[in-house]
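Subject: Structure for you, with notes on charged pairs and a helix contact

Hi there,

Here is the structure I promised to pass on. Please open it alongside this message, and then read on for what turned up.

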Amino acid sequence: MFDHFDISLLDAPEFKEDSVREEIVVPIIKRLGYELSGPRRIVRSKSLLHPFVMIGSKKHPIHIIPDYLLYSDGRPALVLDAKKPEANLIKSKHVEQAYSYAIHPEVRVRFYALCNGRSLVAYDIYGLAPVFDIAFENIDRDWEVISSVMCPDNTSFAGPHHLAPDLGICVMKLGFETGDTWLFLATSILHFGRMTESEYTMTANVTVGDVDHMVSFDAPAKVFERILECTDEPNREFLKSVLVPGQHTFAKRPIFLSLETTLGRPTRGQHDTFVPFVIESVERLDERVYNERVASLSQDGK
């Protein structure tokens, strides 16, 4: 596909983002099978009604409009953005911004990709690491890999993930870092686990926009004791009796809490990588206050 392309052009100062787009990205899009019209159409620089995505009660601004939104079966299927040759396509603002665009309610695609001429990198919104990172000179050699992710026939079958997306992964892909403080002002926790003698874990569901996410919380023994103080005695004694190291269980009743947490580190679980939130402090809520806070946060997020 690029047999006659002079790769030394990538080092020329005048070879910038527009050149990458026209000389490299456009041929890739055409070979993948996207077209100017119809169900596999190419949409250039699509503007969004609201230039931000909501994460809980936080607004995360979208600073760029990627070059291409590609459709499959008449639906958005893939975001593709061209960058200048010196742009970093791994763990950079370019990647964070493309992700924020991919998950926007008006877009919502599973895959997004960036190309700086030197490499083509694709991501899945459910993971941290790239799906592939292919150097320019290997594009023809590895075309089957590229097509398996980016062609319209495959993106049209990229259905919902088998698990709810992880909130920690979501916020880390938006640029938040391990150690950042996160407040959960109204959380209902029903599922508990004990990892070791002194480490506990909990999971809950949160809604981002209208998409359900799973959030994992880790807590040392001292914090877990404080969580147990926030429920009634039968519920407390049940959890104490059942939770031995390695054991998971559902409480008899949900525990309603507000939590101050810090974002943890990526952790490999049984099925996927996730990023837990480490609980630092706990505030007890009764069910009425919990419902009032949920309603208030929903109004703030509109």
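Below are some notes on salt bridges, followed by a look at one pair of packed helices.

Please keep in mind that this is a predicted model.

Salt bridges

As background, side chains of opposite charge can pair when their charged atoms come close. In this model the count comes to 14 salt bridges, and I picked out a few of them for you.

Let me start with Asp-67 and Arg-21, which form a salt bridge with their closest N and O atoms 3.3 Å apart. This pair links distant parts of the chain, 46 residues apart: Arg-21 sits in helix H1 (residues 17–32), while Asp-67 is in the loop between strand E3 (58–61) and strand E4 (68–72). Are the two partners buried or exposed? Asp-67 has 7% relative accessibility, so it counts as buried. Arg-21 counts as buried too, because its relative accessibility is 14%, and the cut-off for buried is under 20%. There is also a third member here, as Glu-22 joins Arg-21 and Asp-67 in a network of salt bridges.

Next come Arg-194 and Glu-197, whose side chains meet in a salt bridge at 3.1 Å, N to O. Here Arg-194 is buried, with a relative accessible area of 14%, whereas Glu-197 counts as exposed at 56% relative accessibility.

The last pair I chose is Arg-293 with Glu-283, a salt bridge in which the closest N and O atoms are 3.3 Å apart. Arg-293 belongs to helix H8 (residues 287–300) and Glu-283 to strand E15 (residues 277–284), so this salt bridge ties together parts that are 10 residues apart in sequence. Arg-293 counts as partly exposed, at 26% relative accessibility, and Glu-283 is partly exposed as well, with a relative accessible area of 37%.

Helix packing

Two packed helices are described by the angle between their axes and the distance between the axes. How do H1 and helix H3 (residues 143–150) pack? Their axes are 11 Å apart and the angle is about 70 degrees, which means that H1 is roughly perpendicular to H3.

Which residues meet where H1 and H3 come into contact? From H1 there are Ile-28, Arg-31 and Leu-32, and from H3 there are Trp-143, Ile-146, Ser-147 and Met-150. Sorted by class, this contact has five nonpolar residues, one polar and one charged.

Happy to talk any of this through whenever suits you.

Best wishes

Conventions
Residues are numbered from 1 along each chain as its sequence is written. This is a predicted model: local features need pLDDT of at least 70, side-chain atom pairs count only at pLDDT 80 or more; totals for chains, interfaces and linings use all residues. Side-chain values use heavy atoms; hydrogens and water are left out. A salt bridge is a side-chain nitrogen of Lys or Arg within 4 Å of a carboxyl oxygen of Asp or Glu. Helices (H or I, at least four residues) and strands (E, at least two) are DSSP runs, numbered from the N terminus. Buried means under 20% relative accessible area, exposed over 50%, partly exposed in between (1.4 Å probe, protein chains only). Axes are lines fitted to C-alpha atoms, for helices over the stretch in contact, and angles run from 0 to 180 degrees between N-to-C directions. Angles under 35 degrees count as roughly parallel, over 145 as roughly antiparallel, 65 to 115 as roughly perpendicular and the rest as oblique. Contact means heavy atoms within 4.5 Å. Ala, Val, Leu, Ile, Met, Phe, Trp, Tyr, Cys and Pro count as nonpolar, Asp, Glu, Lys and Arg as charged, and the others, Gly among them, as polar.
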